[in-house]
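I opened this entry to look up how the strands are arranged and which cysteines are bonded. My notes follow the display.

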Amino acid sequence: MRAILLALSCAISSLCAQQAEPQSPTMAEGGDAKAGAAEPGAQAIPKLESVPPLANELTLPEGGVSAEQAVPEKVAASVPFSVSDLFAKYKKSIYQIRAINEATGQKTSIGSGFIVGDGSMLATNYHVVSDAVQKENRILSYVDSEDNEGTLELLGVDVVHDLAVLKADKHLGEPFSFAPIPPQGAPLYALGNPHDLGFVIVDGTNNGLLRKSAREQVLFSGSLNSGMSGGPTLNTQGKVVGVNVSTLRRSGDISFIIPSDYLQELLDTVSDGEKDLNTLIAQQLFDDNGKYYGGPLAQKWPSTTIGHFRVPLAMRDDVRCWDASPDPDVDDLLGIEAVACYSDRATFISDDITLGQMAYSYSYFYPREDMLSLRFYRTYSHFYNTSMQLRPQRDYDDVACESNFVKIAGRPFKTTFCIQPSKKFIIDDEPIEDVRLIAAEIGEAEQGFIIEIGLNGIQDGLGRKILAHMLEQIEWVD
């Protein structure tokens, strides 16, 4: 059975223009630890990964573009704007950032960076330097436009907004200055070092901030390429309005920019010296989870009726719900009506760990033809299948599960609750963990109902509150 848990590794499209080699930040992949198996000939539960990728559901801000907004930023008449001037002025201010495996002396990832702060600092994406944060025997270095190399020290990261600040071994030059995001329709210029080929400028248009998204990013109609991640996005005055971060898969001309406000906030907090990056990242994850789930926990969610149950649907604007009912085959004994919901939220940690996703589904089962109650129950029970993505043992403890019999909406259910806690991201003995819950209605002769919920990268106490809040909203409908 391929259920809601697979949604956390398949349904959320990665949007990565990221490092040129060898990985780009995608949903962590791994094997499935499964309890139970479907009997031969039984149809599969709705395949939630068949739901259209959420990343393709991007929309523009409401209201369109006014005549005033459609006019690009004004540039002083005495200094006509020229892309050639950008090349001449800023080529030496863009650096290639490398993560190096000390054992081989070879790079494991590359990206772009640019001068900020006091002139000895470089800004880039967190995913560009994540190897040096999450793996042993990794160092960071830079290469300038004339192939001069130097070493880097990591000063601070913001994993939620995919940003990092580094300090070079010498003064590098004049830092970039910042500016707000220009009006929608204004031209933008992304600078970087794609595919280890050299300095390039990609021109495009500011299409505004994404709507109905868990992350605030600018929709940029320019093609960011691998290796450009972490480079600056400039306005026509040469000021940084954002940081290159990703591109939409299968659509090379749609890319995303992190507003420079978040980089300025990070610059205000960084400092030299030793720091516990795992604790810093854990606190960022805790805080972001609290902000993300705070509103939904304080209110009742929109709902719909499936079978004899009224169930909560999208808890926020960035959560999309889809029909997930499979088309029955002629040999299928049971009919299934299902709905699946996914958030578009994802926080890259390393090339095999992405956190922050949430997915849940509801499936109503009924016999497609007359059958004995015992046969119905035996067939239905094969859909009670708990899957959990296996995390790397270097970073996570073993999966722990417990089963119980509970009442949901006054009806008897069997539940299995599983967690896999992180070894690294812990605050006051409370770890970040992955959570799975499956609940199946029992005791009915000719109907069944299964609830599945998956949360990745949630602190234990908050995860349990979310599950309880969801289950409390479910109602029986005669």
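I began with one residue pair: glycine 156 stands opposite valine 165 in strand 7, where strands (E, at least two residues) and helices (H or I, at least four) are DSSP runs numbered from the N terminus. I note that this is a predicted model, in which local features need pLDDT of at least 70 and side-chain atom pairs count only at pLDDT 80 or more, while totals for chains, interfaces and linings use all residues. Residues are numbered from 1 along each chain as its sequence is written, and side-chain values use heavy atoms, with hydrogens and water left out.

**Barrel.** I then looked up the strand pairing and found that strand 6 (residues 149-158) and strand 7 (residues 163-168) run antiparallel and are joined by 6 bridges; two strands pair if DSSP finds at least two bridges between them. In the order 2-3-4-7-6-5, 6 strands close into a barrel with antiparallel pairing. Neighbouring strands of this sheet are turned by 40° against each other on average, direction ignored. I also looked for what packs on the sheet: helix 5 (residues 260-267) does, touching strand 3 (106-116), strand 4 (121-124), strand 6 and strand 7, with contact meaning heavy atoms within 4.5 Å. The direction of helix 5 makes about 50° with that of strand 7; axes are lines fitted to C-alpha atoms, for helices over the stretch in contact, and angles run from 0 to 180 degrees between N-to-C directions.

**Disulfides.** How many disulfides does the structure hold? I find 2, taking a disulfide as a pair of cysteine sulfur atoms within 2.5 Å, and with bonded cysteines counted along the chain their pattern is 1-2, 3-4.

One disulfide joins cysteine 321 to cysteine 341, with S to S at 2.1 Å. The torsion about its S-S bond is about 110°, so I record this disulfide as right-handed. It links distant parts of the chain, 20 residues apart, with cysteine 321 in strand 16 (residues 319-323) and cysteine 341 in strand 17 (residues 334-343). Cysteine 321 is partly exposed at 29% relative accessibility, whereas cysteine 341 is buried at 0%; buried means under 20% relative accessible area, exposed over 50%, and partly exposed in between (1.4 Å probe, protein chains only).

A disulfide also joins cysteine 401 to cysteine 418, with S to S at 2.0 Å, and this link is right-handed, with 110° about the S-S bond. Cysteine 401 lies in strand 22 (residues 400-408) and cysteine 418 in strand 23 (residues 411-427), so the pair ties together parts 17 residues apart in sequence. I noted cysteine 401 as partly exposed, at 48%, and cysteine 418 as buried, at 1%.
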